[in-house]
Amino acid sequence: MVDVSQAPLILITGGSRGVGAATARLAAAKGYDVAISYVSNEPAALAVAADIEAMGRKALAVRADSANPDQVADLFTAIDRRFGRLDVLVNNAGVLATQSRLEDLSLERMQRIFAVNAIGPMLCAQQAVKRMAYRHNGAGGVVINISSASARLGSPNEYVDYAASKGALETFTIGFAKEVAREGIRVNCVRPGHIYTDMHASGGEPGRVDRVKDSIPMGRGGQPEEVAQAILWLASAEASFVTGTFLDVTGGK
Ligand code: NAP
């Protein structure tokens, strides 16, 4: 049974930087207690946790590779122990690699991209459904998967593996949303476009958003906080009849 006297608990994977960190901070401002996972950047994760606590909310930062089933299970166990509830899961952790053509992609790279971006969210959702679904005596909940406009556009000459992994995440969103729709769980997807975060440096081009911004109908890149607003609307009761859908936050691209 969920203790309704407690604040709702949101888990944001990859909450140490970028879109995840912005979502964590905005969630705390909206009254959530916040758990975040990260994979390597502990100082960044602790800084986000400190900001959440400074807003008077509870915070938990756990190192957990989303692609590792044991670490994912430990992450959810840590949340059970600290909070005893889970209301919202944001599957935000994602990776890309150096801009390349298909011919130059290694098998190891393709496997890692799919493991983090497509399988990781399914591993986290497995854990979440066991805590949220009516059939498991849960009180319901919300899952939000963070895809990318690349799932529609394909990212030619840059990272078709990344785009394909996001396509897989989107198809998972459709099926999972239908599977749990009568179990009190809403499942939706946010597709960011070009957002100013560290991710583009991972692809080898830190200034990528500024290079491509003329191709964006609104003529600018997005801020992580603009994506966070969309995520937290989908998480909220204002979106109570919204499931299995996709919200583009792309400036029109
Ligand atoms: P980012 O700035 O590179 O941050 C990535 C975050 O994910 C970090 O907190 C990182 O943790 C965490 N992470 C990476 N691999 C992980 C793993 N295996 N397990 C757990 N956490 C992991 O990325 P971002 O731009 O905010 O992207 C967030 C999401 O938005 C991703 O799903 C991305 O695909 C999507 N997106 C971004 C853009 C964009 O333009 N930025 C566009 C479309 C979609 P550490 O700090 O420990 O490394």
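I count a residue as near the ligand if one of its heavy atoms lies within 4 Å of it. The model I am examining is predicted.

**Entry 1: the shell around the ligand**

I looked up which residues surround the ligand and found 32 of them. Those that come nearest are S16, S40, N92, Y162 and T197. By class, I recorded 15 polar, 12 nonpolar and 5 charged residues in this shell. I then checked the helices: α1 (18–29), α4 (107–132), α6 (160–180) and α7 (199–202) each supply at least two residues of the shell.

**Entry 2: backbone contacts and burial**

I turned to polar backbone atoms facing the ligand. For G14, I noted a backbone N or O atom 3.2 Å from an oxygen atom of the ligand. For N41, a polar backbone atom is 2.7 Å from a ligand oxygen. At S66, the partner is a nitrogen atom of the ligand, 2.9 Å from a polar backbone atom of that residue. I next looked up the burial of the ligand: taken alone it exposes 900 Å², and the protein buries 96% of that.

**Entry 3: the largest pocket**

Which pocket does the ligand take up? I find that the space taken by the ligand is the largest pocket. I recorded about 1,000 Å³ of space in this pocket. Its lining comprises 45 residues, and G94, V95, Y162, T197 and M199 are the closest to its centre. The elements that give two or more residues to this lining are the strand β2 (33–38) and the helices α1, α4, α5 (150–153), α6, α7 and α8 (208–212). I note that Y162 and T197 are listed among the residues nearest the ligand and also among those closest to the centre of the largest pocket. The classes in the lining are 18 nonpolar, 18 polar and 9 charged residues.

**Entry 4: the second largest pocket**

I then examined the second largest pocket, with a volume of about 280 Å³. I counted 18 lining residues, of which G140, G141, V142, G184 and R186 are the closest to its centre. Two strands, β5 (141–146) and β6 (185–192), give two or more residues to this lining. How do the lining residues of the second largest pocket divide by class? I recorded 10 nonpolar, 6 polar and 2 charged residues.

How values were computed
Residues are numbered from 1 along each chain as its sequence is written. This is a predicted model: local features need pLDDT of at least 70, side-chain atom pairs count only at pLDDT 80 or more; totals for chains, interfaces and linings use all residues. Side-chain values use heavy atoms; hydrogens and water are left out. A polar contact is a pair of N or O atoms within 3.5 Å; within protein, one must be able to donate a hydrogen and the other to accept it, and residues adjacent in sequence count only if both atoms are side-chain atoms. Accessible areas come from the Shrake-Rupley method with a 1.4 Å probe; for residues, only the protein chains shown count as cover. On a 1 Å grid over the protein atoms alone, a cavity is a set of points where a 1.4 Å probe fits but cannot get out, and a pocket is an open set with protein on both sides within 12 Å along at least five of seven lines; lining residues have an atom within 4 Å of a point. A molecule sits in a cavity or pocket if more than half of its atoms lie within 2 Å of its grid points. Helices (H or I, at least four residues) and strands (E, at least two) are DSSP runs, numbered from the N terminus. Ala, Val, Leu, Ile, Met, Phe, Trp, Tyr, Cys and Pro count as nonpolar, Asp, Glu, Lys and Arg as charged, and the others, Gly among them, as polar. Grid points are joined across faces, edges and corners, and a volume is the space filled by probe spheres set on the points.
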